[in-house]
Amino acid sequence: MEFDRRDPYPCYARARKVEGLTFVPELDAWLVARDADARAVLRDAETFSSAGAMRPEALPGPEAIAVLETVPSGRPVVLSADGDEHRWVREPLVRGLSPRRVAAAVPFIERRAADLVASFARDGRVELMSRYARVLPGEVIGHLLGLDPADVPAVVRGSYRAEELVFTPMEPAEQVAAAHEVAGMKRLLEALVRGRDGDPGDDLTGEMIRAIEPHGTLISNLQNLLLAGHLTTTALIGTAVLHLLRDRDQWELLCRRPELAAAAVEEAARFDAPVQGFRRVATRPVTIAGTDLPAGAQVFVAFGAAGRDPDAHARPDAFDITREPARHLAFGHGAHACPGAQLAREQVRISLVTLARELPGLRLAGPVETQPNLIHRSPEELILTW
């Protein structure tokens, strides 16, 4: 079955129609494309391990690895841990990203969203991904962690380079350059921790310092948080704006009724999940959707496919912000459901409200290419005019 990373939805549709699971050679995994099957896998963390949830698609060479070995690292990390280890590293995230802390961050998000839009509002044209979508989420997670704002751009850049290092084939020299930027990011995180000087503080970093040791494991989990904490939100801002502007009626409806922004966030997440899916590996022989899988079998749980499942969502291929907010899987499900989902929702909601209020005449300026990336699916560029 042909699989196109820029547009996986036709493959998802075919996989939902056939009996059982479909093996996709391009993923080297069994594709779990129906909502009910995806939920069954995600609920059963004992049978389906998260080890290798983001299996690398490109392996750094020895020179790049040597650079990465100069900075602290350690396991487990929340994304790929199971059982007690997973609960141990997840709990400080849940506390650090509590509804109270998210609510406290809303004024900062609103202020920065307004400032960023004001910085290009008189220009008549903007590339939204670089000027806004890749900026706001990094600033927000930096704010919650207590990072010096001057360090945030380097941390954001290091996060993107970390993703490229394991998902994008590169020549050895480019791998080394990326590894240096990743190492620089981790040194900034290490300085953040050491700067607390024995007083962890009452913020997200403090929660993690108090809960996680040794030091290398703490730094690795801070890095994991950074990547998850802003790359996903960046992607969802981009896709939400893209789909609203592709259907002019939907955008104009949002401009007239900004109270629909929260529903627009949920619809964008369902319709085009920013994280298309994660891998799981079977820990024992198991049957899913009538397909017998041996221990060690790799499955790709496709959140994006589940969001278009007609058995779970009426008119699944229609983008409609007036639909009753869907019970989708874009932020995961079960033990590994995203602890930062509410923070992401608030940032995207505030972004849509701000753009609709300040720039109601927004329009797409030409065709849009989607990144061939299943982990953070978003427009490569989003050039807008008004």
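Biologist: In this predicted model, how many of the 10 residues of helix H7 (residues 136-145) are buried?

Modeller: The buried residues of H7 include Leu136, Pro137, Gly138 and Glu139. Val140, Ile141, Gly142, Leu144 and Leu145 are also on that list. Helix H7 is therefore largely enclosed by the rest of the structure, and its count of buried residues is nine.

Biologist: Which residue just after H7 takes a positive phi?

Modeller: Helix H7 covers residues 136-145. Just after H7, a positive phi of about 85° is found at Gly146.

Biologist: Is Thr234 buried or exposed?

Modeller: Thr234 is part of helix H11, which covers residues 215-246. Buried means under 20% relative accessible area. Thr234 has 2% relative accessibility, so Thr234 counts as buried.

Biologist: Which residues does Thr234 touch, not counting those up to four places away in sequence?

Modeller: One of them, Pro137, is also among the buried residues of H7. The full set touched by Thr234 is Met129, Ala133, Arg134, Pro137 and Tyr160.

Biologist: Which helix gives the largest share of the largest nonpolar core?

Modeller: That core has 99 residues, and those with the most contacts inside it are Leu128, Tyr132, Leu145, Leu254 and Leu352. The largest share of this core is 14 residues, and the helix they come from is H11.

Biologist: Which residues is Leu254 in contact with, leaving aside neighbours within four places in sequence?

Modeller: Leu254 and Leu352 are both among the residues with the most contacts inside the largest nonpolar core. Leu352 is also one of the contacts of Leu254, and the full list is Leu244, Leu260, Ala261, Ile321, Leu352 and Ala356.

Notes. Residues are numbered from 1 along each chain as its sequence is written. This is a predicted model: local features need pLDDT of at least 70, side-chain atom pairs count only at pLDDT 80 or more; totals for chains, interfaces and linings use all residues. Side-chain values use heavy atoms; hydrogens and water are left out. Buried means under 20% relative accessible area, exposed over 50%, partly exposed in between (1.4 Å probe, protein chains only). Helices (H or I, at least four residues) and strands (E, at least two) are DSSP runs, numbered from the N terminus. Contact means heavy atoms within 4.5 Å. A nonpolar core is a set of buried Ala, Val, Leu, Ile, Met, Phe, Trp, Tyr and Cys residues joined through side-chain atoms within 4.5 Å.
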